[in-house]
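Biologist: Could you take me through one part of this model up close? I would like to start with the overall build of one chain and then look at the charged pairs.

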Amino acid sequence: MAEMHQILLKIGPAAFRIASAWRRPLEELEALYGDYPALTDSSVDFTVRLEPKKPWRRFIRPSVHIGGDFWLPDAAPLPLAQGLLAAEMGMNLQMALGWRRHLLLHASSVEKDGKALVMTGLSGSGKSTLSAMLAERGWRFMGDEFALLDLETGDLVPFPRLISLKNKAIETMQQVVPEHRFGPEMKATPKGDIRHLIPPKAAVARMDETARPALLLFPRFGHAPELRDMGQSEVFVRLTQASTNYVALGESGFEALTRFVDQVPTKAMDYQSGEQAEALIESLWSKLP
Amino acid sequence: MRDSLPLVRALREPTSVEALTGSQWSELISIARAESLIGSLAHRLQNVSVPDRVRAVLQDAIEAHDLASQQALWEADCARRALADYRGKIVLMKGTAYVAADLAAGVGRSIGDLDIMVARDDLPVVESALLDAAWEWVKPDPYDDQYYREHMHELPPMIHRERDRMIDVHHTTLPLTARPTPDAQAILDNAIALENGLYVMAAPDMLLHSVAHLFADGDLAGGLRNLWDINLLVRQFSDADEEFWMELNIRAKTHDLVRELERALRLAARLYETPVYRFSAGQTQFADYFYVRRLLARDGYGRETRKLTRFAFYVRSHWLRMPPLMLARHLWTKWRKGGTPPK
Amino acid sequence: MKDHLPSESSVQSDQTNGIVTRRRALMMGAITASAVVSIKPALAQTAGSVLNCEIPVPGNNAMGGYIDANGKVVAADTPGAFPPAGRNFTGEEVRRAMNGRTLPGTTPDQSQAYVNYIRRLQSGQSGFTCYASLQMPR
Amino acid sequence: MSLKYRAAPKDDLIWHDLDSMTLLFHRPSGITHMLAEPAPAIMEVMQDASLTAGEIASRLSAQFDIESTADAENIVLARLEELSGLGLVARVSS
């Protein structure tokens, strides 16, 4: 079998071994995750594999197949130039399918005064961009992809991986964040144009520090600014569908999610610009107990 | 690591893992996950000291498999209720049976589909009762369907519309085209009733089904796991019953599985140190070497290795299941359609 | 989830707050109106948002088969049916096709037949998890 | 005589009220069900007894103001069949 290169990464509570048939994606990861704390020992939770589907695909029109400890059928390979994206997808996949120590929600989150704002919604809702933006304006960034809920305490645990910016969000963030915090630009990936952004230093330094979930928002981009109440039943169902491991956790997932829905005030938020969203969020945040 | 021996060693001798480095642990975990043995490994290592992160990984596996076995029992109960009016025996097979019968082989074992066995003559009744209770056919292909019905040991797989769980309804333990021909009626006759009215196979039949499953019903994919089942079943059955080896001998002849049993026991003894000394498993054969080579064909990243050996076993699995003329016809039909045979 | 999750207005329970002074009212609903929905795993979310996926037409278990207008797999060379697509379609291409565009490299009728095939996919078949991810509301 | 039904054992069930519906976590299957009225009320009045649809309907009307134009017993029967398909109530053989 062909040799593999590998690196180890620790993001929040999870440790990964990324093995790749090519050096390039690992070099890109190394540069972007350079300031993350090293693993204290080399045992990990998950292994991600980036390898050619057929041996010759290592050299000829190299395409990266995402594999690892947990995998899904139907995965399409990516060109080697998008190897960094493949690695990130591989890590997300391990978390989505294999992580059981927290209830996992597809949501972004930021923190202030020990309280967390959680934003969930379908792709295109702008939850990732909002978290990246708020992180540059006095909030601590906790994660743009997964929100991890502690099964016993209900606290939110940070998972501050690289922020994955898509399409227009790249330009928006380039106006407020210096160039050296950006990864390579990947044009026309299956998810559009993608550029990764290194979270602010505080997010990485405090990645073991939990926060109390205080507000849940379902943002929706492109509609006139408005806040709406949501029924508990709707919130519950949407969160089960936003969670990759709700069913897999069984009773402890049920307990954690019902507690979350009971305790965390929730709003649907429409907005057309970052400024509008920030104003709406501040108006809600100032009224929290 | 070049092969999956570290997994075999850890299962066989749990305290051996105390010497592992962090990166060796990562390799062991990847191999165990790929071989669907992570739950079994986690249970084996419960009283051994391991690094904190590894402990968390193992604990995750224990909880995931606890839930899975509970759901497997529930799925069996759903089938029982759907077949409440069926008077024949419904025999649970494989993982679900081990859990339902509270056997060591069920602890931490991964369980996928629900496998049950009923009398062949009753298949139409059982099939229509399941279809009434919201199970549906999975495969849309008429050739596959016909192939299953004429030559296989089970109905084409069905899936439950709401729960997304598959059921395989068998009428014997091996494809009808395979050379050994197990005595399905004898299995049903000797099956043991559980409290809820479902059945499991008697000990020797259960072991022999596991053996048949290991060799004849596949290309040895998942072989390490199947062999681990065999190891645990042998240990538990032979401890519990003095007569077990004798009965096993007799039943192996009944089911035409003597050679397969011998080989399975040799391989289990070799890899897992299964105590088979009271059974004459025969001398090590040269071919055993290839079996071991195939069983251990996975590296420390969890990747399949030894492609040639794997391919040889794949071809062999079809050879075993069908007489040559039929194999040719089958491959011809499949080739014209450009695919591989149903597995 | 089932498709027909009752809207909230159609199923109002009447849980009075505070002291109950009269008997609770109970809405009985209609005989045919289902009263239970069961939460299913969000595999779709996982596949759709974590992974880039694709759908073979037809899948591995029916490879070489033709696709008729209704999306059924039929024997090769069946008149009126379309040959295998010869390439996998990405989730995004299928999503666009379900919204009325044609799949790349196909005629409109062929595209419709393939989309019908994809709509009939069930769990366990190649492409199902990808198709399921397209079912999520966006 | 008509068919009797019995609710799943209490220990198998965890109930949780939301604003407009009731959640029911069923331990043996690990499945979360979301119940609209009258299903939660039916399971509530069944308690541990084996009852016919008619008996359940009369327990319901003793406890609630029934708002229905159709025949309550037939609606109860339809809900019982739905619940038994999910394994939340069992048909009792007599």
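Modeller: In this predicted model, chain A has a radius of gyration of 19 Å, which agrees with the value near 19 Å for a compact globule of 289 residues. Its C-alpha trace spans about 60 × 45 × 35 Å along the principal axes. Chain A has 8 helices and 16 strands, and buried residues make up 63% of its 289 residues. Take the contacts in chain A between residues at least 6 apart in sequence: 70% of these join residues at least 24 apart.

Now to the charged pairs. Over all chains, the whole structure holds 47 salt bridges. One of them pairs Arg101(A) with Asp60(B), where the closest N and O atoms are 2.9 Å apart. Arg101(A) sits in the loop between helix H2 (83-98) and strand S6 (102-112) of chain A, while Asp60(B) belongs to helix H4 (residues 52-82) of chain B, so this pair joins two chains. The two partners can be told apart by their exposure: Arg101(A) is partly exposed, with a relative accessible area of 22%, whereas Asp60(B) is buried because its 8% falls under the 20% cut-off.

Within chain A, you can look at Asp229(A) and Lys267(A), which form a salt bridge with their closest N and O atoms 2.5 Å apart. This pair links distant parts of the chain, since Asp229(A) is in strand S15 (residues 226-229) and Lys267(A) is in strand S16 (residues 266-271), 38 residues apart. Asp229(A) is exposed, at a relative accessible area of 62%, and Lys267(A) is partly exposed, at 22%.

Chain B offers a pair of its own: the side chains of Arg163(B) and Glu75(B) meet in a salt bridge at 3.0 Å, N to O. Arg163(B) lies in the loop between strand S4 (158-160) and strand S5 (166-170) of chain B, and Glu75(B) lies in helix H4 of chain B, so the salt bridge ties together parts that are 88 residues apart in sequence. Both Arg163(B) and Glu75(B) are buried. Returning to the link between chains, salt bridges that share partners join Asp45(A), Arg101(A), Arg53(B) and Asp60(B) into one network.

For another view, turn to where chain B meets chain D. The contact takes 5 residues from chain B and 9 residues from chain D, and the two chains bury about 540 Å² between them, 54% of it on carbon and sulfur atoms. Across this interface there are 0 salt bridges, but 2 residue pairs are in polar contact. On the side of chain B that touches chain D, the residues divide into 1 nonpolar, 2 polar and 2 charged.

How values were computed. Residues numbered from 1 in each chain as written. Chains lettered and ligands numbered in written order. Predicted model: local features only at pLDDT ≥ 70, side-chain atom pairs only at ≥ 80, totals over all residues. Heavy atoms only, no water. Contact = heavy atoms within 4.5 Å. Buried area = accessible area lost by both parts, 1.4 Å probe. Salt bridge = Lys/Arg side-chain N within 4 Å of Asp/Glu carboxyl O. Polar contact = N/O pair within 3.5 Å; in protein donor to acceptor, adjacent residues only side chain to side chain. Nonpolar A, V, L, I, M, F, W, Y, C, P; charged D, E, K, R; others polar. Helix = DSSP H or I, 4+ residues; strand = E, 2+ residues; numbered from the N terminus. Rg over C-alpha atoms; globule rule 2.2 N^0.38 Å. Buried < 20%, exposed > 50% of the residue type's maximum accessible area, 1.4 Å probe, protein only.
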